[in-house]
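This report concerns one protein chain with a ligand. Please look at the sequence and the structure before reading on.

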Amino acid sequence: MSAVPRRILYLSRADVTAAGGSSSHLFVEAVARALALHASGAFAQPLKPYLRWRPNGHVADRIIAMPAYLDGDEPVAGLKWIGSKHDNPRLGLDRASAVIVLNDAETHYPIAVLEGGLISAWRTAAVTAVAARRLARRDFGSIACIGCGPIGTAQVTTLLEQFEGVRTVHLFDTRRDVAEAAAMLLSARFPVAAVTVAATAEEAVRAGDVVVTATVTESPWLPFAWLSPGCLLSNVSLMDTHDDVYVRADKVVVDDWDQCNREGKVIHRLVASGLFSRAELHAELGQVVVGERAGRENDDEVIVLNPMGMAIEDVACAQAVYHLALDAGVGTWLDLA
Ligand SMILES: NC(=O)c1ccc[n+]([C@@H]2O[C@H](COP(=O)([O-])OP(=O)(O)OC[C@H]3O[C@@H](n4cnc5c(N)ncnc54)[C@H](O)[C@@H]3O)[C@@H](O)[C@H]2O)c1
């Protein structure tokens, strides 16, 4: 029997941050690369299984396995294993927790294990930023974010880092203290933007050129009428919109149709009730990234992005972090033998 290959690199959250994970830039680049590979079919990504064991449990109580292989200049495979419990924040814990395993594409041996919660938040925000570059109004100046936990905060941080023209941020959270804490953090980091907490979700949404949902709701609250002309909605939390949002939007863009049309999420529900179909879909985001399908075509279009979240995005981001960590000598080596 041949010798067990060497060792794996373990990167804690602090290591991920030290290697370059303290800002959005590497994640936006990695996600754009993954989306381009998605458009060319240079990937493998089985449908992600949702592990649940409590009958009638909360929609956000689950552990998801997200495996993927990415082709390209440096092929790599990997898995994000992400837990979620809706009431973790009450215990002072993040709702989501994750590890990402990277595997060598030749031998299939694991080469790294990374703390995945931070990478997951940044990559989810990077998807919105990559989309906003092509689907938001070129001159957009305001963001609305509904739900101000780690995901919402990462979304706004990334948009503020990537788009210098943003001057106003409207936050809303059913927990006002959470929205206020996020506003304080964002104001300190981005003094150029006026960050305010709205009295209602409607007030925030109506003021946003780019609107992000990052809640953990199980029931829709966002009607089409609240979206202003020219708005891009990034429906990150997937369950927030009334049916008319997808039906009346000028363009609906998903990350991956097959991944989106399942698990009772909004697209799945709309397709099941005959209100939406693949024929009505404008594009998968990768097609817009590579120029195969149009992005925004005028200043009045209302565009909805439905990002289910793809393992190829996590693997691409983790690979970028891994390389930076190797270069910087960050992390802890663990023997496999
Ligand atoms: N699409 C993707 O790729 C992707 C990736 C990661 C996370 N997510 C989703 O993002 C969401 C947020 O994640 P998180 O880790 O920040 O969760 P979290 O529980 O830490 O934060 C959610 C916040 O939303 C608030 N909230 C709940 N219902 C609300 C409502 N109806 N209106 C306004 N605020 C409301 C809560 O008070 C809380 O502060 C989750 O639903 C998660 O599944 C999506």
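The text below covers the domains, the ligand shell, two helices and two loop residues.

**Domains**

The model is predicted. The domain assignment divides the protein chain into domain 1 (7–119 + 312–335) and domain 2 (137–310). Their centres, taken over C-alpha atoms, are separated by 23 Å. In the contact, domain 1 takes part with 19 residues and domain 2 with 22 residues. On the side of domain 1 that touches domain 2, helix H2 (25–40) and helix H11 (311–328) each supply at least two residues. The largest share of that side, 6 residues, is from H2.

**Ligand shell**

Around the ligand there are 30 residues, of which Gly147, Gly149, Ile151, Thr215 and Gly309 come nearest. Domain 1 and domain 2 each provide at least three residues of this shell. Helix H3 (117–135) and helix H4 each supply at least two. With 3 residues, H4 gives the most to the shell.

The make-up of the ligand shell and of the domain 1 side of the contact is listed by class.

| Set of residues | Nonpolar | Polar | Charged |
|---|---|---|---|
| Shell around the ligand | 17 residues | 10 residues | 3 residues |
| Side of domain 1 that touches domain 2 | 11 residues | 5 residues | 3 residues |

**Helix H4**

How does the span of H4 compare with what 1.5 Å a residue should give? The end C-alpha atoms of H4 are 18 Å apart, in agreement with the 18 Å that its 13 residues should span. Of these 13 residues, 10 are buried, so H4 is largely enclosed by the rest of the structure. The buried residues of H4 are Ile151, Gly152, Thr153, Ala154, Gln155, Val156, Thr157, Thr158, Leu159 and Leu160. Ile151 is thus buried in H4 and is also one of the residues that come nearest to the ligand. The cover over the buried residues of H4 includes H3, strand E8 (142–146), strand E9, helix H5 and strand E11 (210–213).

**Helix H5**

Helix H5 (residues 176–189) has 14 residues, and from its first C-alpha to its last it reaches 20 Å, close to the 20 Å expected at 1.5 Å a residue. Ala179, Ala182, Ala183 and Leu186 are buried in H5. Seen down the axis of H5, the buried residues fall within an arc of 105°, so they line one face of the helix. Asp177, Met184 and Ala188, on the other side of H5, are exposed. What do the buried residues of H5 pack against? Their partners are helix H4 (150–162), strand E9 (168–172) and strand E10 (194–197).

**Two loop residues with positive phi**

Most residues other than glycine have a negative phi. Leu238, a residue other than glycine, has a positive phi near 70°. Leu238 lies in the loop between strand E12 (232–234) and helix H7 (243–248). Is Leu238 buried or exposed? There are 21 other C-beta atoms within 10 Å of Leu238, and a residue with 20 or more is classed as buried, so Leu238 is buried.

Glu263 is not a glycine either, and its phi is positive at about 60°. Its place is in the loop between helix H8 (257–260) and helix H9 (266–272). Because Glu263 has 18 C-beta neighbours inside 10 Å, it counts as partly exposed.

Key:
Residues numbered from 1 in each chain as written. Predicted model: local features only at pLDDT ≥ 70, side-chain atom pairs only at ≥ 80, totals over all residues. Helix = DSSP H or I, 4+ residues; strand = E, 2+ residues; numbered from the N terminus. Expected span 1.5 Å × (residues − 1). Buried ≥ 20, exposed ≤ 12 C-beta atoms within 10 Å, placed from the backbone. Arc of directions from axis to C-beta. Contact = placed C-beta atoms within 7 Å. Near = placed C-beta within 6 Å. Nonpolar A, V, L, I, M, F, W, Y, C, P; charged D, E, K, R; others polar. Domains from an automatic or database assignment.
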